[in-house]
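Please work through the exercises below with the sequence and the structure at hand, trying each task before reading its solution.

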Amino acid sequence: MTRRIERHRLHGSTPGTAREVIARRYGAAGARPKAYVQAALHADETPALLTAHHLARLLDEAEGRGEVSGEIVLVPYANPIGLSQFVWGRHLGRDEISGGGNFNRNWPDIPALLGACLDGKLSDEPEANVSVIRAAMNAALAAETPRDELHSLRLILARLAADADLVFDLHCDDEALMHLFLIPAHWPEGQDIAADLGCEAVLLAADSGGASFDETFSTPWTYLAEKYPDHPIPAACLAGTVELRGQSDVEDTLAEADAAALFRVLQRRGMIAGDPGPAPEPRCDATRLDACEVLRAPASGVAAYAVDLGAQVREGDIVAWIVDPAAEDPANARLAVRAGTDGLILSRRDRRYVLPGMTLAKIVGTQTLPERLGGTLLEN
Ligand SMILES: [Zn+2]
């Protein structure tokens with residue numbers, strides 16, 4: 001049994017308090033390939049915590065059978081700061097309430113940290129370049145000094161993940177179907193992942209903006225390949241954000257199945273021995289993130305949906321009504337919100353009183369939407 005549990009203490013919490021994250025490590029240190037999986041960076045996205053719990057059990061069993069052939073790092077709760085944020089009894093785990101912003105934005109800019117340190121160090125051997133780049137990334141992150149508690153959390157997680165071949169950041173949406181975010185460099189390479197998880201959408205963006213956790217580790221490779229065109233640099237870290245349906249989809253049956261799917265992916269990619277069997281038929285093709293419409297409330301009121309999750313809509317179909325509780329005449333109280341594209345209703349919001357601009361639904365379309373160009377990041 002080589003499983004180890006590491007405890008990483010965060011810096012700079014308030015006097016009298018201390019927080020830590022746990023990393024469950026499987027396999028020999030430095031073994032390849034390496035996978036990194038973390039749960040609930042948005043700390044109120046509870047399906048991820050339950051899935052990580054079931055994945056830990058599967059990994060413990062595999063380790064006991066001597067089947068872990070690569071290295072796997074599982075962080076079963078990625079955000080102890082967010083896990084503590086209850087305000088008037090309501091859990092707010094998406095943004096740091098003391099002002100640090102969305103927990104899934106502003107991750108370290110690894111290419112900026114690398115600077116020019118790779119100049120003159122690369123060769124004509126892709127695998128050698130991968131090793132050189134990973135060592136440089138590890139060194140650059142190791143040299144950073146935490147500025148505050150949140151930054152220390154970012155550094156701890158980034159140091160655990162940066163040199164992985166595969167990174168999964170487990171999230172969920174409000175009310176949603178299973179879906180996955182990847183960069184285009186990893187499609188169709190990641191098709192088995194989407195198929196095994198039963199994804200109903202795979203959203204691709206080369207750089208969605210905002211420095212989300214997954215892109216922090218996938219995009220440096222495509223960036224460096226462009227920066228050093230004379231040296232072969234593969235896209236050596238497949239990093240994806242997995243949206244494990246909606247906030248309330250917290251059931252052992254779902255989480256066990258999702259953990260088993262992730263386990264099969266780890267088998268298929270060589271971190272765990274054994275035959276995962278063929279990946280099932282994919283339930284969707286990938287689409288561009290800038291073709292995914294974020295339908296927003298045009299006014300405040302009560303959102304009453306006209307379509308279910310998973311519905312196929314056409315441009316112009318009514319997706320929801322915004323009902324104005326202050327309207328004197330109930331006949332004039334309802335404002336229709338229509339789809340701006342043909343596509344699949346991927347998500348809806350769970351709390352139905354809305355203010356102008358709040359997201360009502362995401363519609364997976366196939367046609368690039370002009371308003372989405374130049375800033376494609378979803379509220380994932
Ligand atoms: Zn999230």
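**Exercise 1: strands and their pairing**

Task: In this predicted model, find how many bridges join strand β16 to strand β18, and then place the two strands in their sheet.

Solution: Begin with β16, which covers residues 301-305, and with β18, which covers residues 318-323; the two strands run antiparallel and are joined by four bridges. To follow one bridge in detail, take V302, whose bridge partner in β18 is V323. Next, widen the view to the open sheet, in which four strands with antiparallel pairing follow the order β19-β18-β16-β21. Finally, look at the edges, where β19 (334-338) and β21 (353-354) each pair on one side only. As background, strands of a sheet pair through backbone hydrogen bonds, either parallel or antiparallel.

**Exercise 2: two domains and their contact**

Task: Locate the domains of the protein, and then describe the side of domain 1 that touches domain 2.

Solution: The first step is to divide the protein into domain 1, spanning 4-284, and domain 2, spanning 289-371. The second step is to place them relative to each other, and here the C-alpha centres of domain 1 and domain 2 are 31 Å apart. The third step is to consider the contact, to which domain 1 brings 15 residues and domain 2 brings 12 residues. On the side of domain 1 that touches domain 2, β10 (175-176) and β12 (201-204) each supply at least two residues, and β12 gives the most, with three residues. The last step is to sort the residues of this side of domain 1, which comprise six nonpolar, five polar and four charged ones.

Notes. Residues numbered from 1 in each chain as written. Predicted model: local features only at pLDDT ≥ 70, side-chain atom pairs only at ≥ 80, totals over all residues. Domains from an automatic or database assignment. Contact = placed C-beta atoms within 7 Å. Nonpolar A, V, L, I, M, F, W, Y, C, P; charged D, E, K, R; others polar. Pairing = 2+ DSSP bridges.
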